[in-house]
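Thanks, everyone. I have one structure to walk through today. Please keep it on screen while I talk.

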Amino acid sequence: MFLSYHAVLVFLITGMAMVCTPMLLGVLFRPRNPYPAKTMAYECAEDPVGDAQIRFDMRFYSAALIFIIFDVEIAFMFPWAFVFQSFGDRWMALAEGVAFIAILFLGLVYVWVKGDVDWVKGFRQRRRVQG
Amino acid sequence: MGILNNALPDIGPVRAVDAAVGWGRASSIWPMTFGIACCAIEMMAVYAATFDLDRFGAGVPRATPRQSDLIIVPGTVNAKMAVRVRRLWDQMAEPRYVIAMGACVCGGGPYVKWGYNTVKGVHKIIPVDIFVPGCPPRPEALMDGILKLREKVSREAVFARRQETARILDARGG
């Protein structure tokens, strides 16, 4: 009965061999010459500051995402302001600009309510649950 | 170095393998993205469409020394930069090759007499394979340097322990 599983055994051995053989060949063939100056972290040949494998605060990620709101806003405001004089109906152009800012401001309100602009995240929600 | 590198006898089959490996290495020399001064402008022209260094497999500048085989030193190396050049060369993986591009890098150039801060030739810091003179060299001159380097790389003994290689290896103790 167990004999019917021999294919799995062959599969396992072949799989392991296909991983181990190239690694062994690499050890045989590749030049290997590590020394401190070579294994040092690469920072454009400057003296590296700290280790390359650091833990990066996830809160910077949400801060960068929120920054995009203002970044895109300003990027579109400049051409709008530049051609503003040439519009026939300036009130219409102003209204469209305000509408655009309002939509992006809605995004800011959303992240504000979600608590993503707080540096100590979740603090407000926790307090609300306790109180 | 690796177990088999320069360890096999210098016989026909090993030489054939060496030739194949040398052909592969010479056909895919990846230079490092590195420019110092005005020679770098000529180097960029060589990478770009008109001169098209990619014809020789050397047109893929890598953004890190870990992936690159060749460092072209294009431009005046001053004392402050010399430390960095040495470290960049240190951080490249073997086999690594160096092309000294321009008069300053080959031996000081216009700064050879009064340049208090110029390193008089990059060969004082790192071992140079090919010298390309000129101030700055024409793109054709750099391409000629690349072709010379290709010849050198393709002739290299990788696995065979040749007479001249054995002498060098014995001199530095293995």
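Start with helix 1 of chain B, residues 12-26, and helix 5 of chain B, residues 139-154. Their axes lie 8 Å apart, at an angle of about 155°. Anything over 145 degrees counts as roughly antiparallel. So helix 1 of chain B is roughly antiparallel to helix 5 of chain B. The crossing of these two helices is right-handed.

Which residues meet there? From helix 1 of chain B, they are B:Gly22, B:Trp23, B:Arg25 and B:Ala26. From helix 5 of chain B, they are B:Arg150, B:Val153 and B:Ser154. The mix is 3 nonpolar, 2 polar and 2 charged residues.

One caution before I go on. This is a predicted model.

Now chain B as a whole. It has 6 helices and 3 strands. Along the sequence, the pattern reads α-α-β-α-β-α-β-α-α. Chain B has 174 residues, and 34% of them count as buried. Look at the contacts in chain B with a separation of 6 or more: 78% of them join residues 24 or more positions apart.

Next, the largest nonpolar core. How many residues does it hold? It holds 38. The members that touch the most others are B:Ile71, B:Val73, B:Val77, B:Ile99, B:Ala100 and B:Met101. Several elements give two or more residues to this core. Among the helices are helix 2 (39-47), helix 3 (79-91), helix 4 (103-107) and helix 5 of chain B. The strands are strand 1 (70-74), strand 2 (97-101) and strand 3 (130-132). Which element gives the largest share? Strand 2 of chain B does, with 5 residues.

Take B:Ala100 as an example. Set aside its neighbours within four places in sequence. B:Ala100 then contacts B:Val73, B:Val105, B:Cys106 and B:Val122. It also contacts B:His123, B:Val128, B:Phe131 and B:Val132.

Over to chain A. Here we have 5 helices and 0 strands. The order from the N terminus is simply α-α-α-α-α. Chain A has 131 residues, and 0% count as buried. For chain B, remember, the figure was 34%.

Two helices of chain A deserve a look. Helix 3 covers residues 59-82, and helix 4 covers residues 90-114. Their axes come within 10 Å and cross at roughly 175°. Helix 3 and helix 4 of chain A are therefore roughly antiparallel to each other.

What makes the contact? On helix 3 of chain A, it is A:Ile66, A:Ile69, A:Glu73, A:Phe76 and A:Trp80. On helix 4 of chain A, it is A:Gly97, A:Phe100, A:Ile101, A:Leu104, A:Gly107, A:Leu108 and A:Val111. By class, that gives 9 nonpolar, 2 polar and 1 charged.

Last topic: where the chains touch. In chain A, 12 residues are in contact with 15 residues of chain B. On the chain A side, helix 1 (6-29) and helix 2 (36-39) each give two or more residues. Helix 1 of chain A has the largest share, 3 residues. What classes make up that side of chain A? There are 8 nonpolar, 1 polar and 3 charged residues.

To recap. Chain A has helices and 0 strands, while chain B has both helices and strands. Chain B holds a packed pair in helix 1 and helix 5. In chain A, helix 3 and helix 4 are roughly antiparallel. That's my tour.

Definitions and conventions. Residues numbered from 1 in each chain as written. Chains lettered and ligands numbered in written order. Predicted model: local features only at pLDDT ≥ 70, side-chain atom pairs only at ≥ 80, totals over all residues. Helix = DSSP H or I, 4+ residues; strand = E, 2+ residues; numbered from the N terminus. Buried ≥ 20, exposed ≤ 12 C-beta atoms within 10 Å, placed from the backbone. Axes fitted to C-alpha atoms, helices over the stretch in contact; angles between N-to-C directions. Parallel < 35°, antiparallel > 145°, perpendicular 65-115°, else oblique. Contact = placed C-beta atoms within 7 Å. Nonpolar A, V, L, I, M, F, W, Y, C, P; charged D, E, K, R; others polar. Left-handed = near helix turned anticlockwise from the far one by under 90°. Core = buried A, V, L, I, M, F, W, Y, C linked by C-beta atoms within 7 Å.
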